[in-house]
There are 2 protein chains.
Amino acid sequence: MLRVYGDIQSGNCYKVKLLLSHLALPHEWVFTDTRKGETRTPEFLAKNPNGRIPLLEYEAGQYLPESNAILYYLAEGTAYLPQDRLARAQVLQWMFFEQYSHEPYIATSRYYLHFLGQGEKYKEEIERRRKPGYAALGVMESRLSGRQYLVAERYTIADVALYAYTHVAHEGGFDLAAYPAVRDWLARVKAQPGHVTMAG
Amino acid sequence: MLRVYGDIQSGNCYKVKLLLSHLALPHEWVFTDTRKGETRTPEFLAKNPNGRIPLLEYEAGQYLPESNAILYYLAEGTAYLPQDRLARAQVLQWMFFEQYSHEPYIATSRYYLHFLGQGEKYKEEIERRRKPGYAALGVMESRLSGRQYLVAERYTIADVALYAYTHVAHEGGFDLAAYPAVRDWLARVKAQPGHVTMAG
């Protein structure tokens with residue numbers, strides 16, 4: 001059976017849980033607490049030398065890290081990943097955008113504010129992420145205006161990946177009021193069959 | 001003909017140039033200078049709302065951003081991207097690692113030191129990137145010890161992506177002396193047919 005090491009409160013882990021739920025794939029979820037250093041033990045580092053979650057154990061003793069690579073692996077051959085060469089590259093385009101231009105600002109702000117609950121201590125760190133975080137939301141707003149989904153007019157793992165931290169952006173202090181196309185898209189994602197919330 | 005907007009001195013752009021050279025694909029290279037604000041003009045933002053290079057114009061008026069999505073698109077159907085489902089996911093694993101755990105530290109340090117030539121001004125920014133940058137090199141060293149290439153025992157776009165900034169890590173103040181497997185791998189990549197340097 002598939003096994004995932006993760007914490008569903010982390011968007012990077014939640015996105016894997018969300019796709020597993022869409023696909024109704026049986027799996028074991030091993031709660032792994034970064035705050036307790038559980039990703040930095042010798043045992044965990046032997047599984048993933050980069051010391052991060054989520055981590056997929058796709059076969060006993062065989063591991064795949066990186067949330068978006070895990071999504072790609074699980075979605076292969078399903079409706080959540082198009083077959084067309086260009087559409088695949090566009091799915092990846094939005095997933096690389098997510099990890100490079102979105103997650104480091106929106107997820108990290110949420111980490112300081114919501115996960116650690118230390119907004120005052122990390123005030124400058126959060127402030128520095130405000131502008132690029134809103135820029136990422138602006139890029140999404142521009143893409144989603146007049147579109148139902150990010151790629152190929154259907155729900156794909158690009159939407160799964162970007163939903164994870166966008167739907168909790170307010171927990172990082174981001175206000176989505178000025179992003180109506182993003183808000184409509186969040187509602188469409190939430191209405192997908194098999195949707196699961198961060199509450200599990 | 002394919003057209004690329006980029007600056008070969010940027011590793012993210014150079015990796016596209018390197019793969020185009022391996023594949024001997026005819027293309028037009030449009031030099032785009034971020035320091036002159038050329039990625040923030042209304043004309044450029046109409047092509048890529050995220051305002052970044054490289055940008056591939058794969059058909060007249062049709063654009064694909066994100067360096068690693070471009071590599072994936074160009075490598076599809078070639079020897080540089082395996083067909084096997086797991087190997088593909090592992091190629092992506094290393095490309096997401098590159099953008100999330102490697103580029104923000106090693107490339108950005110090089111940007112301040114080498115590209116802008118303002119090591120003193122950005123001293124703290126560079127200092128903050130030292131530890132995670134070396135951690136990324138450590139993850140590569142662990143993977144490449146006893147292996148020729150990152151994935152599937154052959155040269156793939158995962159190697160192309162990580163070569164781009166690793167081979168100029170010294171320009172970001174990183175010393176590769178303690179990473180012999182990485183240094184041997186750099187030499188193997190450089191010896192690939194069709195290799196091109198950052199000098200163009």
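In which sense do strand E1 and strand E3 of chain B pair, and over how many bridges? Strand E1 (residues 2–6) and strand E3 (residues 55–59) of chain B run antiparallel to each other and are joined over three bridges, where strands, like helices, are DSSP runs numbered from the N terminus (H or I and at least four residues for a helix, E and at least two for a strand), and where two strands are taken to pair if DSSP finds at least two bridges between them. The structure is a predicted model, in which local features need pLDDT of at least 70 and side-chain atom pairs count only at pLDDT 80 or more, whereas totals for chains, interfaces and linings use all residues. Residues are numbered from 1 along each chain as its sequence is written, and chains are lettered from A, with ligands numbered from 1, in the order in which they are written.

Within the pairing of E1(B) and E3(B), B:Val4 is placed opposite B:Leu56. E3(B) also pairs in the antiparallel sense with E4(B), over four bridges, and here B:Leu55 stands opposite B:Pro65. The hairpin formed by E3(B) and E4(B) has two residues between the strands, and B:Gly61 in this hairpin adopts a positive phi near 80°.

Strand E4 of chain B (62–65) is also one of the elements that meet the other chain, as it gives two or more residues to the side of chain B that touches chain A. The contact between the chains takes 22 residues from chain B and 22 residues from chain A, two residues being in contact if their C-beta atoms, placed from the backbone, lie within 7 Å. Besides E4(B), the elements giving two or more residues to this side of chain B are helix H3 (67–75), helix H4 (85–115) and helix H5 (123–144), and H4(B) gives the most, with ten residues. By class, this side of chain B has 13 nonpolar, six polar and three charged residues, with Ala, Val, Leu, Ile, Met, Phe, Trp, Tyr, Cys and Pro counted as nonpolar, Asp, Glu, Lys and Arg as charged, and the others, Gly among them, as polar.

Chain A is assigned two domains, domain 1 (2–75) and domain 2 (85–190), with bounds that come from an automatic or database domain assignment. The C-alpha centres of domain 1 and domain 2 of chain A lie 21 Å apart, and the contact between these domains takes eleven residues from domain 1 and ten residues from domain 2. On the side of domain 1 of chain A that touches domain 2, helix H1 (11–22) and helix H3 (67–75) each supply at least two residues, and the largest share, six residues, comes from H1(A). The residues of that side of domain 1 comprise six nonpolar, four polar and one charged.

H1(A) has twelve residues and reaches 16 Å from its first C-alpha to its last, close to the 16 Å expected at 1.5 Å a residue, the expected span being 1.5 Å times one less than the number of residues in the helix. Eleven of the twelve residues of H1(A) are buried, so this helix is largely enclosed by the rest of the structure; a residue is called buried if 20 or more other C-beta atoms, placed from the backbone, lie within 10 Å of its own, exposed if 12 or fewer do, and partly exposed in between. The buried residues of H1(A) include A:Lys15, A:Lys17 and A:His22, and the buried residues of this helix pack against strand E1 (2–6), strand E2 (27–31), H3, H4 and helix H6 (157–166) of chain A. H1(A) is followed by A:Ala24, whose phi is positive, near 50°.

In helix H6 of chain A is found A:Ala161, which counts as buried because it has 31 C-beta neighbours inside 10 Å. Not counting residues up to four places away in sequence, A:Ala161 touches A:Lys15, A:Asn68, A:Leu71, A:Trp94, A:Met95 and A:Glu98. A:Ala161 and A:Leu71 are 90 residues apart in sequence, yet their C-alpha atoms are 8.1 Å apart in space.

H4(A) has 31 residues, but its end C-alpha atoms are only 38 Å apart, short of the 45 Å that a straight helix would reach. A kink of about 60° lies at A:Glu103 in H4(A), shortly before the proline A:Pro104, the bend at a residue being the angle between axes fitted to the seven residues ending there and the seven starting there. Of the 31 residues of H4(A), 23 are buried, so this helix too is largely enclosed by the rest of the structure.
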